[in-house]
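User: I am new to this structure and would like to go through it in short questions. Please give the reasoning with each answer.

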Amino acid sequence: MKLIVGLGNPGATYLWTRHNLGFIALDFWAIKLDAKWADKPKWQAEIAETSVNDEKALLVKPQAFYNKSGEVVQQIANFYKIPVSDILVVCDDFDLPFGEIRYRQGGSSGGNNGLFSIISHMGEKVKRVRIGSDNPSRAQLGDADFVLAKLTDAEKAALPDLLPQIVAKIQQVAF
């Protein structure tokens, strides 16, 4: 079983923000897989059960807020006995140009607090697909305000082309 975790913040306030690119990617993928989200308050998560290439997968959107995602991932991984090698995190990265997609297995959080939380609970070997979210307004806003700011119209317009690429990368590295 694979555990695919999209990082983001719950609630309408955070819809379409840069920090929610992980949620946006998993929402898109769930639609393509015809997977339905179920609220799981026990784990503070929304979970969609599906299969990819005949392998069971849990798509997870932690609802404990971005910086506490590690607690959610640890509880779910422990319950389902999913090893770290079968966990993939999908998150934004403001150190990459908008729309750039990078895969990395292991290493530091690179300053991403959601990854930091997951690494502190699961170890540094967690795999991740990072989605670039940088743009010129970052310098004007400061890091926290930038990641919590809404995507620009141009960034939203790029999503129909970007999301299939993200899903392809997830499938390539996870399955």
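User: In which strand is Q105 found, and is Q105 buried or exposed?
Analyst: This is a predicted model. Q105 belongs to strand β6, which covers residues 101-105. A residue counts as exposed over 50% relative accessible area. Q105 has 52% relative accessibility, so the strand is β6 and the residue is exposed.

User: What distance separates the C-alpha atoms of Q105 and V5?
Analyst: Along the chain, Q105 and V5 are 100 residues apart. In space, their C-alpha atoms are separated by 14 Å.

User: V5 is in β1, so how many residues of that strand are buried?
Analyst: β1 runs over residues 2-6 and is mostly covered. K2, I4 and G6 point one way from the strand, while L3 and V5 point the other way, and all are buried. The count of buried residues in β1 is 5 of 5.

User: Which strands pair with β1, and which residues stand opposite I4?
Analyst: β1 pairs in the parallel sense with β4, residues 55-62, over 4 bridges. β1 also pairs with β5 in the parallel sense over 4 bridges. The partners are therefore β4 and β5. Opposite I4 stand L59 in β4 and L88 in β5.

User: How much space lies in the largest pocket, and which residues are closest to its centre?
Analyst: The space in the largest pocket is about 350 Å³. Its lining is made of 22 residues. Those closest to the centre are H19, F94, G111, N112 and N113.

User: Which element gives the most to the lining of the largest pocket?
Analyst: At least two lining residues come from each of β5 (87-97), α3 (113-122), β7 (127-134) and α5 (143-147). By class, the lining has 7 nonpolar, 9 polar and 6 charged residues. With 4 residues, the element that gives the most is β5.

User: Where does the largest share of the lining of the second largest pocket come from?
Analyst: About 250 Å³ of space lies in the second largest pocket. It is lined by 15 residues, and L15, F23, I24, D27 and K61 lie nearest its centre. Two elements, α1 (21-33) and α6 (153-174), give two or more residues to this lining. The largest share, 4 residues, comes from α1.

User: How do the residues of that second lining divide by class?
Analyst: The lining of the second largest pocket is sorted into nonpolar, polar and charged residues. The numbers are 8 nonpolar, 4 polar and 3 charged.

User: K61 lies over the face of which rings?
Analyst: K61 is one of the residues nearest the centre of the second largest pocket. A lysine counts as over a ring if its NZ is within 6 Å of the ring centre and within 35 degrees of the ring normal. K61 is 5.5 Å from the ring centre of F23 and 4.5 Å from that of W37. The rings are those of F23 and W37.

User: How many aromatic pairs does a search of the whole structure find, and why is the pair of F79 and Y80 edge-to-face?
Analyst: The search finds 5 aromatic pairs. The ring centres of F79 and Y80 are 5.0 Å apart. Planes over 60 degrees apart count as edge-to-face. The planes of F79 and Y80 are at 80°, so this pair is edge-to-face.

User: Which residues form one aromatic cluster with F79?
Analyst: F79 is partly exposed, with a relative accessible area of 47%. Y80 is also partly exposed, at 25%. The residues that form one cluster with F79 are W43 and Y80.

Terms used
Residues are numbered from 1 along each chain as its sequence is written. This is a predicted model: local features need pLDDT of at least 70, side-chain atom pairs count only at pLDDT 80 or more; totals for chains, interfaces and linings use all residues. Side-chain values use heavy atoms; hydrogens and water are left out. On a 1 Å grid over the protein atoms alone, a cavity is a set of points where a 1.4 Å probe fits but cannot get out, and a pocket is an open set with protein on both sides within 12 Å along at least five of seven lines; lining residues have an atom within 4 Å of a point. Grid points are joined across faces, edges and corners, and a volume is the space filled by probe spheres set on the points. Ala, Val, Leu, Ile, Met, Phe, Trp, Tyr, Cys and Pro count as nonpolar, Asp, Glu, Lys and Arg as charged, and the others, Gly among them, as polar. Buried means under 20% relative accessible area, exposed over 50%, partly exposed in between (1.4 Å probe, protein chains only). Two strands pair if DSSP finds at least two bridges between them. Rings of Phe, Tyr and Trp (its six-membered ring) pair if their centres lie within 6.5 Å; planes under 30 degrees apart count as stacked, over 60 as edge-to-face and the rest as tilted.
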